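Here's a quick briefing for anyone meeting this structure for the first time. Take a look at the model, then read on.

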Amino acid sequence: MKKKTNRMTKTVICLTIDQEEEYLNKMCAHGWKPVKIMLGLWFTFEKCEPGEYIVRVTTGIDPKGRKASRERRERMIEFLTDSGAEIVPEINVDAKTRIYAVRPARLGKFEINTDIDALIADYTARRRYHIAAVIFTFLFFVFGLVNGICMAVLLRTPEGSGSVPHGAYIEFATAALLLVIFVCLLVPIPSYTRKIRKLREKRQIEE
Amino acid sequence: MNESKGALTEAVYYILISLYTPLHGYGVIQNVEKLSGGRVKLGAGTLYGAINTLLTRGWIVECGESGERKKEYIITQSGRRAVLDEIDRLQELLDNGRRVVSETTQTQENE
């Protein structure tokens, strides 16, 4: 008989921080609390009461798009843990761009940014993160595409079938995948821009 | 300092007046909530942004660690000046607001 486990790991691709936060909160609502995140793809959950926790994901990057210093990151983590949240450990190549905070729902509403300036700073950081990722992905896409074309043209067997080498197909497939990721990363940027603009308009008449 | 002449946000104002005595981050959150009668609840992100800005501007400084090894902050002389400027600004807002409202009300009653 299969043993009932209190833990499970799911592979999920969330391209935006908003999507990730929404997904994690949905899992909490169904009684699964995140306990470990690996490479931003594998999420380990532990059984909890449905709706027992609220998750907030915040950026560990500053509004100028730079990664926050270790000291600043520690400051943010200290403020979060002091207010009753736990930080979900993240194993990643560069695990310094996001902070996952989980807080019991019984402690009340869990909002990280409670004023307009902090919200603007957070959305600006998210948008810059996406812009940087879009540029990075696009460059890799172009590189893959050019590489694939070069392989197909230059390495084509001169005699016989004249077939395209397998390597070129791999390059084209990778480029296609990068193009999909590029589009997915590009889509949320206008929505962040709209949110920032609305908040700036709001700030002109209230705090 | 020119920066001290602008209006402070509510969060920054409350953080600054909380730091007339040394406090750590969560102490600030609790004090602000108490001072505002529960109306202003600072989120960790809001406090984080404000503390970073205030440290950069030199309006507050770190002044050691509390018993639980948490960093404590205290207002500086330039921070105190910014608070006094803000109190003057708020006083002006109140005075002008009260004067205009009472004058208008009186005129309307006389008519």
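Let's start at the surface: H3(A) gives four residues to the nonpolar patch, the most of any contributor. Keep in mind that this is a predicted model. The patch covers about 690 Å², and the points below fill in who is in it and what the rest of chain A looks like.

**The nonpolar patch**
- Its members are A:Leu145, A:Ile149, A:Val153, A:Leu154, A:Leu155, A:Tyr169 and A:Phe172.
- Two helices of chain A, H3 (116-154) and H4 (166-186), each bring at least two residues to the patch.

**A closer look at A:Phe172**
- You'll find A:Phe172 in helix H4 of chain A.
- Is A:Phe172 buried or partly exposed? With a relative accessible area of 31%, A:Phe172 counts as partly exposed.
- Patch members need over 30% relative accessible area, so A:Phe172, at 31%, clears that cut-off.

**How chain A is put together**
- Chain A has seven strands along with five helices.
- Reading from the N terminus, the elements of chain A go β-α-β-β-β-α-β-β-β-α-α-α, so the run ends with α-α-α.

**Inside and outside**
- Chain A has 207 residues, and 41% of them are buried.
- The accessible surface of chain A adds up to about 12400 Å², and carbon and sulfur atoms hold 61% of that area.
- Among contacts in chain A with a separation of 6 or more, 64% link residues 24 or more positions apart.

Methods:
Residues numbered from 1 in each chain as written. Chains lettered and ligands numbered in written order. Predicted model: local features only at pLDDT ≥ 70, side-chain atom pairs only at ≥ 80, totals over all residues. Heavy atoms only, no water. Buried < 20%, exposed > 50% of the residue type's maximum accessible area, 1.4 Å probe, protein only. Contact = heavy atoms within 4.5 Å. Areas by Shrake-Rupley, 256 points an atom, 1.4 Å probe, with all protein chains shown as cover. Patch = residues over 30% accessible without salt bridge, like charges linked within 9 Å, V, L, I, M, F, W, Y side chains within 5 Å. Salt bridge = Lys/Arg side-chain N within 4 Å of Asp/Glu carboxyl O.
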